[in-house]
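Here are some exercises to help you find your way around a new structure. Try each task on your own, then walk through the solution.

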Amino acid sequence: MRRLHKDDLPGGDQYARSGGKMGLGEGGVIRLLNMERSPGAKRVAELVEAFRRATELLEAIRGSSVSDSKQHAAVGNALSEINSRIAQFRWMPAILGFNEAESHFKVRYLMIVGMNDDGAKAYEQFAIQWIVDHVDAVHRIRHCYFPQCRKWFFAKTDHQKYCGDNCRQ
């Protein structure tokens with residue numbers, strides 16, 4: 001087993017130049033999701049949809065004045081689905097150094113990948129890593145509402161429904 005490396009995904013040099021901070025949410029994850037025939041894209045899309053369902057269930061509980069055991073069971077099932085989807089991936093803790101006021105160190109969990117040279121699998125793993133690292137932003141990954149488009153995009157606002165101006169008009 002080895003750690004995922006910048007050379008394992010398309011644009012690895014760009015990732016290195018960005019100091020390891022390349023925005024995969026708006027870039028790599030969305031590009032992968034829009035690769036319609038990719039098995040990795042299908043698995044990532046299923047994970048994003050599982051997060052969407054869990055988010056909707058949690059929001060329904062938050063907005064309700066009465067706690068319902070069926071709602072809590074549904075959330076538990078949704079989280080079990082998410083966890084079973086990411087169970088195939090393995091992470092290891094890593095300590096990173098920072099020069100910040102609050103702490104010099106942060107813990108980050110880095111994905112461990114197999115020794116194969118499968119670039120598509122590595123791309124999928126980077127997407128999963130981004131989703132896990134940015135779990136609170138996954139609700140912004142969505143399909144365009146324009147029926148002739150339906151591309152995946154990363155919404156800049158909570159109410160954004162279209163991927164761009166052409167689809168919104």
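**Exercise 1. Find the salt bridge partner of Arg140, and say where the two residues sit.**

*Solution.* Start with the side chain of Arg140: it forms a salt bridge with Asp158, and the closest N and O atoms are 3.2 Å apart. Next, place the two residues. Arg140 is in the loop between α5 and β4, while Asp158 is in the loop between β5 and α6 (165–168). That puts the partners 18 residues apart, so the pair links distant parts of the chain. Keep in mind that you're looking at a predicted model throughout.

**Exercise 2. Work out how the chain is laid out overall.**

*Solution.* First, count the elements: there are six helices and five strands. Then read them off from the N terminus, and you get β-α-α-α-α-β-β-α-β-β-α. Now look at burial: of the 169 residues, 34% count as buried. The outside comes to about 10900 Å² of exposed area, with carbon and sulfur atoms supplying 52% of it. Last, take the contacts between residues at least 6 apart in sequence: 46% of these join residues at least 24 apart.

**Exercise 3. Check the span of helix α3 against what is expected, then list its buried residues and what covers them.**

*Solution.* Helix α3 covers residues 39–63, which is 25 residues. From its first C-alpha to its last it reaches 36 Å, close to the 36 Å expected at 1.5 Å a residue. Now go to where the helix begins: a side-chain oxygen of Ser38 comes to within 3.2 Å of the backbone nitrogen of Gly40.

For the buried residues, walk along the helix and pick out Gly40, Ala41, Val44, Ala45, Leu47, Val48, Ala50, Phe51, Ala54 and Ile61. Then ask what lies over them. The cover includes helices α2 (28–33), α4 (69–86) and α5 (119–133), along with strands β4 (141–143) and β5 (152–154).

**Exercise 4. Trace the salt bridges that involve helix α3.**

*Solution.* A little background helps: side chains of opposite charge can pair when their charged atoms come close. The whole structure has 10 salt bridges, and we'll follow a couple of them here.

Step one is a pair inside the helix. Glu46 and Lys42 meet in a salt bridge at 3.6 Å, N to O. Both lie in α3, four residues apart, which is about one turn of the helix. With a relative accessible area of 55%, Lys42 is exposed, whereas Glu46 is partly exposed at 27%.

Step two reaches out to another helix. Glu81 forms a salt bridge with Arg53, with 2.7 Å between the closest N and O atoms. Glu81 belongs to helix α4 and Arg53 to helix α3, 28 residues apart, so this pair also links distant parts of the chain. Both count as partly exposed: Glu81 has 23% relative accessibility, and Arg53 has 31%.

Step three puts the pieces together: salt bridges that share partners join Lys42, Glu46, Arg53, Glu81 and Arg85 into one network.

**Exercise 5. Is Arg142 buried or exposed, and what does it touch?**

*Solution.* Arg142 lies in strand β4. Its relative accessibility is 16%, and because buried means under 20%, Arg142 counts as buried. Leaving aside neighbours within four places in sequence, Arg142 is in contact with Lys151, Trp152, Phe153, Ala155, Thr157, Asp158, His159 and Gln160. Take Ala155 from that list: it is 13 residues away in sequence, and 7.2 Å away C-alpha to C-alpha. Finish with the side chain of Arg142, which reaches the backbone oxygen of Gln160 at 2.6 Å.

**Exercise 6. Describe the surroundings of His139.**

*Solution.* Begin with location: His139 is in the loop between α5 and β4. Its relative accessible area is 35%, which makes His139 partly exposed. Not counting residues up to four places away in sequence, His139 touches Thr55 and Asp158. Thr55 is 84 residues away along the chain, yet the C-alpha atoms are 7.3 Å apart. A polar atom of the His139 side chain also lies 3.0 Å from the backbone oxygen of Asp136.

**Exercise 7. Locate the nonpolar surface patch and say which strand gives the most to it.**

*Solution.* The patch is formed by Ile95, Phe105, Val107 and Tyr109, which together have about 470 Å² of accessible area. Strand β3 (residues 105–113) gives the most, with three residues. Ile95 sits in strand β2 (residues 90–97), and at 58% relative accessibility Ile95 counts as exposed.

Methods: Residues numbered from 1 in each chain as written. Predicted model: local features only at pLDDT ≥ 70, side-chain atom pairs only at ≥ 80, totals over all residues. Heavy atoms only, no water. Patch = residues over 30% accessible without salt bridge, like charges linked within 9 Å, V, L, I, M, F, W, Y side chains within 5 Å. Areas by Shrake-Rupley, 256 points an atom, 1.4 Å probe, with all protein chains shown as cover. Salt bridge = Lys/Arg side-chain N within 4 Å of Asp/Glu carboxyl O. Buried < 20%, exposed > 50% of the residue type's maximum accessible area, 1.4 Å probe, protein only. Expected span 1.5 Å × (residues − 1). Contact = heavy atoms within 4.5 Å. Polar contact = N/O pair within 3.5 Å; in protein donor to acceptor, adjacent residues only side chain to side chain.
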